[in-house]
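Let's take a walk through this structure together. We will begin with the sheet and then turn to the charged side chains.

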Amino acid sequence: MSAPDLEPSPIGRMPLASLTWDAQPARAGVVVLVLHGGAIEGREPNHPWSHNVARLVPFGLALKRVPGPIAVARLRFRYRGWNGDEQSPVVDTRWALAQLRARYPDAPIALVGHSMGGRAAMYAADEPGVRLVLGLAPWIEEGDPRPENGQRTVIIHGDRDVICPLWASRRTVEALHAGGHTASLVRVARSDHAMLVRGLLWQALVSDVVASAFATELGGSGEPRSGPIGAAVARVVRERRPIIDI
């Protein structure tokens, strides 16, 4: 697969975006694209072992275990930072979505993005086929686009995040909800921006929201698991509540 073309970086090489497939069935009922975080600025290339990239590996593996014909791909952005214009991760995300559509032209797409990846997911929500935008402690700025073309938006955010403010996620969800769009915020008590505190909970929420939201496409019942996680997912997917605490 070819990645977006750019001028050589200052260190004399051309970083390339790349896709890693955690699940690639012959036919997919849904395709999930996982987007890692980054920084405001940064021309350094990302590597598979970079902490911001590696942090999303468990989420790819959790999604892989969702029952049914699910395809899961993790995108590694060319550059560590947002940077803007042609060096923005949005360019990489749109390139990756084109690859996903070529491989699975009829499958709906879910975008799962952490921090900077969550912001890129919001920007790319207007791409054909995107049905779910799932932001994990997303970086959201005033004036950023919102998913307003029939997609479901779900944001999961720790209440002890000191990097990306919880209030920005709440403001986004409330604005979407007020505009008649399907949007929910799940506030994770005692958790941080890196999703390390209560990490298994984050992974379970992500995989269960995807499984429940695409139950028909995956051939499942959509019945949430028992306990607090299942209750939170039911409030998101079935009851469409705007704010949920767990």
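What follows is a short tour of this predicted model.

A good place to start is the open sheet, where 8 strands follow the order S1-S3-S2-S4-S5-S6-S7-S8 with mixed pairing. At its edges are strand S1 (18–23) and strand S8 (243–245), each of which pairs on one side only. On average, neighbouring strands of this sheet are turned by 20 degrees against each other, direction ignored. Look next at strand S4 (residues 109–114) and strand S5 (residues 130–136): they run parallel and are joined by 6 bridges. Here Leu111 stands opposite Val133 in S5. Helix H5 (residues 166–178) lies across strand S6 (152–158), strand S7 (183–188) and S8, and runs at about 155 degrees to S7.

Now for the charged side chains. The structure holds 14 salt bridges. One of them joins the side chains of Arg74 and Asp22, at 2.7 Å from N to O. Arg74 sits in strand S3 (residues 70–76) and Asp22 in strand S1, 52 residues apart. Both Arg74 and Asp22 are buried.

Arg78 and Asp92 also meet in a salt bridge, at 2.5 Å from N to O. Arg78 is in the loop between S3 and helix H3 (89–103), while Asp92 is in helix H3. Arg78 counts as buried because its relative accessibility is 1%, and Asp92 is buried with a relative accessible area of 1%.

Is the pair of Arg238 and Glu223, whose closest N and O atoms are 3.0 Å apart, buried or exposed? Arg238 counts as partly exposed at 47% relative accessibility, whereas Glu223 counts as exposed at 56%.

Finally, Arg94, Arg101, Asp126 and Glu127 are linked in a network of salt bridges.

Terms used. Residues numbered from 1 in each chain as written. Predicted model: local features only at pLDDT ≥ 70, side-chain atom pairs only at ≥ 80, totals over all residues. Heavy atoms only, no water. Pairing = 2+ DSSP bridges. Helix = DSSP H or I, 4+ residues; strand = E, 2+ residues; numbered from the N terminus. Axes fitted to C-alpha atoms, helices over the stretch in contact; angles between N-to-C directions. Contact = heavy atoms within 4.5 Å. Salt bridge = Lys/Arg side-chain N within 4 Å of Asp/Glu carboxyl O. Buried < 20%, exposed > 50% of the residue type's maximum accessible area, 1.4 Å probe, protein only.
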